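Reader: Hi! I've just opened this one and could use a friendly tour. Where shall we begin?

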Amino acid sequence: MLITCPYCGPRDVIEFTYQGDGNRERPQPASQDLDAWNAYVYDRLNPAGDHSEIWQHSGGCRAHLRVVRNTITHEILSTEFARGGHKSADNRAEDRP
Amino acid sequence: MAEYSAFSLLKNALTGNKDWKPAWRKPDPKASYDVIVIGGGGHGLSTAYYLAKEHGITNVAVLEKGWLGSGNVGRNTTAVRSNYLLPQNTRFYEHSMKLWENLSHDLNYNVMFSQRGCLNLAHTPAQLDDYARRGNAMRHLGVDAELMNVDQIKRLVPALDVSGSARFPVLGGLMQPRAGTARHDAVAWGYARGADRRGVDIIENCEVTGFLRDGGRITGVTTTRGEIRAKKVALAVAGSTGHVMQLAGISHMPIESHVLQAFVSESLKPIVDTVLTFGMGHFYISQSDKGGLVYGGDLDGYNSYAQRGSLPIVDEVMSEMLALFPGLARVRMLRSWGGLCDMTMDGSPIITTGPLPGMYLNCGWCYGGFKATPASGWCFAHTIAKDEPHEFNAPFTLDRFYRGLIIDDKGQGANPRLH
Amino acid sequence: MAEQPLPERQSPLEPEYHPGSHGNFEHGVDVILSETRPGSILQLAAWPGEEKRLIEIIRKVTGLALPDGAGGGVSSGGRAAFGFAPGKFTVVDEAEGLAQAFAGSITPAIGTLTDLSHGRTAIRIAGPKAEWVMAKFFAIDFALPAFPLGAGRSTNHHDIFAQIQRSGADQFDIYVFRSFARSFWKALCHASEEVGYEVQ
Amino acid sequence: MSPRRTETGGRIDRLRTIRFTFDGAPYTGHAGDTLASALLANGVTLFGRSFKYHRPRGLLAAGVEEPNALVTVLRGEVREPNIAATMVEIYDGLVAVSQNRTPSLAWDIGALNQLGGKILSAGFYYKTFMGPVIGPLKGTRFWMFCEHFIRRAAGLGKAGTAPDPARYERMNAFCDVLVVGSGPAGLMAAKAAADQGARVILADLEAHFGGSANWSGETIDGMSAADWAQRTVAQLGGNDNVRLLPRTTVWGYYDGNTLAALERVTDHKEVAAKGEPRQRYWAIRAGTVVLATGSFERPLVFPGNDRPGVMLAHAAERYANEYGVLSGQRIALFTNNDSAYRSAVALKKAGAAIVAIIDVRSDVSNEMRRLASDAEAELLADHAVVATEGGKALTGLKVQRFDAMSGALSGDERSIHADSLLISGGWSPTIHLASQAGAKAEWDPARQAFLPPKPTHRWIGAGAFTGSFSTAEAIAEGRAAGLQAAGGAESSAPLPVVEAAPGNPDPAPVFEIKAKGKSFVDFQHDVTAEDVRLAHREGFVSVEHLKRYTTLGMATDQGKNSNVPGLAIMAEALGKPIPEVGTTRFRPPYTAVSIGSLAAERFGDLKPERLTPMHDWHLANGARMYSAGLWYRPMIYGLAGETVEQAYVREARATRESAGIVDVSTLGKIAVQGPDAAEFLDRVYTNMFSTLAVGKARYGLMLREDGLAFDDGTTWRLGEQEFLMTTTTANAGKVMQHLEYFLDVIWPELKVTVTSVTDEWAGAAIGGPNARAILASCVTGTAVDNAALPFMGIVQGRIAGVPVMICRLSFSGEMAFEVYSGAGYGTHVWEALIEAGKPFGLVTYGLEALGTMRIEKGHVTGAEIDGRTTARDLHLDWMLSKKKPFIGSAMMDREGLIAPDRLELVGLIALDNRPLNGGGHIVEELDEANPHDSLGHITACCYSPALGKYIALALVKGGKARHGTRAFVSDPLRNRFGPVEIVSNHFYDPDGSRMHG
């Protein structure tokens, strides 16, 4: 699998660390809402299909990416920096090295 | 249906093997059942078997979307062991071990459970202490465990590099002698035949597409072969748990589905006579009766429903293999495959009533599902029949995360890929 | 007590650094390996939006004009700079003391400066087979159009993290963590045996 | 000249004689021969024994799909088992031996298994060997007794244990177009793409490019196809943008158009050049892949079809045209399609007598009839072979009239004398890579074959791979694919002109001739047509069940020969068309791949060694090293004759009595910089850091999000916006990722950078009553007295001319200092400290003494912060700030994490004055025979020189409440039982008066 890092370009999956479900929302730090914390820490969206995930390019620029990837075909639909902006081209058609 | 035995083999051979009957029937689904078990894998089939055998509940259907045993029961590395650290896990897996030890007789089907032992290699003094902690924990629960020194290990597995010059030299290991391997497909077929003989309908090529409800209660399923009603609907769909729960309207679970790859070498004369694990990586290996080395390593490390692995893990596994067996560099990997692992947030399973009324849930097997097959079905059948868990599966609730009653054998926290 | 002069820095490669020709060199040496031992290796980081100002500071202090774009870099006259991550740059000088030269200019409003002069080891591979040998380690495209002159890349070889700058048409400078440098050097020499190599 | 070798023809070099041995007997062949062709030329007919019945077997194929002729190649002590003789290029001194036979290939005792006959039918082992339900052989014992013998009988070749001295390498490659297969289609594709300027890789698993052109005998552009192929390869080789990879099997099609290939670099050479790898593993990231992988000829299933001398028709053609070897003198062919006629003509031309062509079809075309007469062969249309004759070599066959529609045999059997029977059951495109790439193959009823699916990845098919079996089609499709892959426009330029024998690509749908006797479907695994029908009878009817129940297709050829015939027989039994039975999805690898090649450069070098700046000094000064993760750290600096315990006790005692020094460079160090650094640390640590003064350090604790303890360490405030965080050695990487995640994903608004500076600094911790005096004697530029350097203070100075940073903090419990210098100066400063310490008797100490002193102090490490413990469990709740939220604060008080029965940190003293063991358990009541009711376990233990006792840290239920009570250590694994006293974990100087000074 190749993931196109918006900074480094297409790189082998070996350079990346999976940080899981990108749909989770961390409660406000001072929140005492245990249900919300429980959902954030333990519950995951786990779809068979397109999934928005966080990956770190740990073996490269170390930036975190938001990757939309199909969990059945492993096709990568988009990648962008997790901190926003810098969206890379949709590489469904064109992610050749 | 005829009992299997040496005698029946001989008798049938004389008649040209023309009289053998199907190992299980291929019935059409009835309109309703007492219990529907979704998932015709090892756990689903053993659940049906024990519902019938232990609880007399025989009006049961097992629904399988593909061919029977097409999930992880046919895609694993066949190891059976109960060498866990935490008592909740050890008790459960030891119960499984005891069922394994009599399983071929129980099923009248040779599942080839071979108690050739499972040896965890240790490479640092600290790791040896860790293994001692685990082995002692097992011993305090009445489970067999012993420490082996390098000489003993060398005698057991002569092909292993114990020279001490290795990057991670072998210092010793934790052995569970009663552990071993079984013929994975035979487990599915044996349970299927056993359940079928007790009246259970096993329905292949029947995919669940939705749930029937009466108010909040689950009352059946819609399938590619029509609606089927049931008093109780039990899920044993392992890697597909997230997907099937979504059909029931539950989108979030403490589970991620991951791929685990496994590999088989070409057939060789016996060279590894036990189940062996590498302490400085994720590698494990055994040798099948046909002679293939059966081995694997770490998860690919990301969500997947593809039963399709990635290349870096292949390289990683082979590197670790040769660190232990430098003589096997010219042996060749013949087949590889991927299985879906329903990884939970603490690495331990879930066998529980609910979470919806009328529903029963069995999932979260991570990559330990095969060895759990008998106890998983046994406990799940109890839970379904009695509407409460057995003592063995009482800790494996869904709300244990919320309550902080986590059972984290590896101590990795809510990071499924690390369990 | 009189102040002593600074001693020479110890190379982590020392016991494994064997100048001369090695491997299959009878048919010629196809790569040259060396440790470049720069005096200064700095990491400069700009807050989002401050990248241009940081690039300007790098130009002022070092005279190196960084080209636009991810991984853009330049090397000349004993100095080198390249981007290796969003808003982050490695700046290298053969002389010591580059951190002091930057000290006043990297204000908290712009970003941070981290001195890694001891923490990273710089290894150079040059020669017609440099791309071939590099391809044994790293899963990135070393062909000139894909990896232009001066450009930088962050990548890894299993456990070893590396920043690589193309410092010539057939020359690369590899920056690795000091603690891993000897292992990497040994592996690099081993991988170069096939083509014949010289350590300078 | 051997009887089977032709006078001319083929690409072997008749002037070069190669000497080799097979099963100890010397043979010769020519350069260019494979082991198979050379042995065949020498008249060898018996090549191997089958897996189950140990039946004698000859060559079936000429290529990678060979199921029978498996050999072990020996290089000294190093064994390479299960290699197809068809893929071994001979070299001088080659030593090959046959497998799975005792005592010899000709006389194999395992052949007795054939007497088991119908008892040993498919899946018989599931029905027996269960043994008695009671008695000494109950449970699994009887099965394990039987299994012992079964295991020894099973298995093919024998693996070696001698380490392989060869090297393996990995190559990463990038290209625009990867062409797999170098037959006419592949060559045209590579040429077309290269001419467009694309970066092209052309790979073929054979030693010579050309594929079928090398043996088809056809003419392309007026020259022999083989010459045309050579010319095209030469043109390609002249291009800078083309990489040619012969002997390279592309075996895996992975996500992202990443393909895995194995290049056999030196397997065909007597010796490798210096540094040359045996095999090279290519990871190729391709823009587009052209799959021109050709097709496999299928065997026919009939009684006796496994007798040595029965061979695929094209294989015999190949042996004749490519290697100059005839499969026999009197050749018969048995076919359901046209391609065998071309083979017959070729073999006739090569000098063999073609005695008959037996064709199951009635409607044999006039063109084929003409070819049969060209071959001077008797044509027996409407006929089938029903038996073969001979022992370990074919002597003849029997034919009968056959009706292809009904499958019925009729009339009298007729015997035909022949020493070679060539079979052709139609052709199956080699769709493995396409199938690996994810899509399901489609059955083509005309071709009677599975054709490649629609692409799910960026690949384009060409030639026989797509079911276009003629060379003219291959050439046209190849060029079109090459152009398309390189992004070029379609070409209207004329294509090379092909002259070839005519032939209809569609075979008759006949797979099996049902007659008396064993008909093999999977040759290697001895799966017969009857076994397939038995699987059907027992309900194992889906393709996967068929495969798993009978082991059909699980042999080393992975069903390349048996898949389609097996499916066809099952389909017939079910009365369903073949596609409804299904096809298995192919998974990597296409052919078996050496494990060495996959380990590649990590073979013999699994993990790098991580070394501190003072590593060489430690080695030179008697340190015994300990592997900690990837790091190496001194364990002890033993003196001659000392045990490990004696050494660490001496080191720890000397430190407490005077001073000791230890290398702490491995501690994780992270520079935390920026305007929001202090705020960030407040969120990350359980305690406050924003209140820390510049020039001071503080001990900090981190929790995970789930509220459990994560890591601890001191963090130094070097400036208003600059901190130096230290982590435990083991967790350095994890903590770094944890911090990066929060900065990048959760709190991107914080202006903070985190950078690993672990390797920037060399660290030496010097402690003991004389530590300050030693420092004072060698540090310049700063005072180190209590006023200048109070507890947890930081100063900058110089040692031996080197700038250093000194922080006064203590892990040992003594007055202690950590001295940091640039890593390049680490040894210099270390040696200066050692020199300064000489008058004080300063000792160097290792991890064992470090551990001893920390146990005496009751400090926790990874053994206690094991991912399952909370701050409370470890009595670190005093560090949980109530003034602010921090990572983990919301989750740390959940029911299960504050339960009274949790394991808590305590100290233990052995009351029997004997050593304790890490991992020993603690019980209230000792029961050596049946240990039970564990209260907890020992995490760390040592002999304490300060207390003069064996002590330990332990995690025990009840914890503090048990202080002062007696319990027992219960360690059945090491047979260590005995009384202990449970005490506070702070054994030594609990007030800290020694470190505060």
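Author: Happy to help! Keep in mind that this is a predicted model. Let's begin with two helices of chain D: helix H3 (residues 184–195) and helix H4 (residues 225–237) pack at an angle of about 30°, and their axes are 10 Å apart.

Reader: Okay, so how do H3(D) and H4(D) lie relative to each other, roughly parallel or roughly antiparallel?

Author: Angles under 35 degrees count as roughly parallel, and therefore H3(D) and H4(D) are roughly parallel to each other. The crossing of H3(D) past H4(D) is left-handed.

Reader: Which residues make the contact there?

Author: On the H3(D) side they are Leu187(D), Ala190(D), Lys191(D) and Ala194(D), and H4(D) brings Ala229(D), Thr232(D), Val233(D), Gln235(D) and Leu236(D). Sorted by class, six residues of this contact are nonpolar, two are polar and one is charged.

Reader: Nice. Switching to chain C: what does its domain assignment give?

Author: Domain 1 of chain C is made of 14–37 + 119–199, and domain 2 of chain C covers 40–115. Taken over C-alpha atoms, the centres of domain 1 and domain 2 of chain C are separated by 24 Å.

Reader: And how many residues does the contact take from each domain of chain C?

Author: Twelve residues come from domain 1 of chain C and twelve residues from domain 2 of chain C. On the domain 1 side, the elements of chain C giving two or more residues are strands S8 (120–126), S9 (152–157), S10 (160–168) and S11 (171–177). That side of domain 1 of chain C has six polar, three nonpolar and three charged residues.

Reader: Cool. Now for contacts between chains: how many residues of chain B are in contact with chain D?

Author: In chain B, 86 residues are in contact with 94 residues of chain D. Elements giving two or more residues to the chain B side include helix H1 (6–14), helix H5 (125–139), strand S13 (255–267), helix H9 (311–324) and strand S17 (332–344).

Reader: Which of them gives the largest share?

Author: That's H9(B), with nine residues. As for classes, the side of chain B that touches chain D has 40 nonpolar, 26 polar and 20 charged residues.

Reader: You mentioned S17(B). Which strand of chain D do bridges join to S17(B)?

Author: Strand S32 (residues 593–594) of chain D is joined to S17(B) by two bridges, and the two strands run antiparallel. If you'd like a spot to look at, find Arg332(B), which stands opposite Ser594(D) in S32(D).

Reader: Great, I'll go and find that pair. Thanks!

Methods. Residues numbered from 1 in each chain as written. Chains lettered and ligands numbered in written order. Predicted model: local features only at pLDDT ≥ 70, side-chain atom pairs only at ≥ 80, totals over all residues. Axes fitted to C-alpha atoms, helices over the stretch in contact; angles between N-to-C directions. Helix = DSSP H or I, 4+ residues; strand = E, 2+ residues; numbered from the N terminus. Parallel < 35°, antiparallel > 145°, perpendicular 65-115°, else oblique. Left-handed = near helix turned anticlockwise from the far one by under 90°. Contact = placed C-beta atoms within 7 Å. Nonpolar A, V, L, I, M, F, W, Y, C, P; charged D, E, K, R; others polar. Domains from an automatic or database assignment. Pairing = 2+ DSSP bridges.
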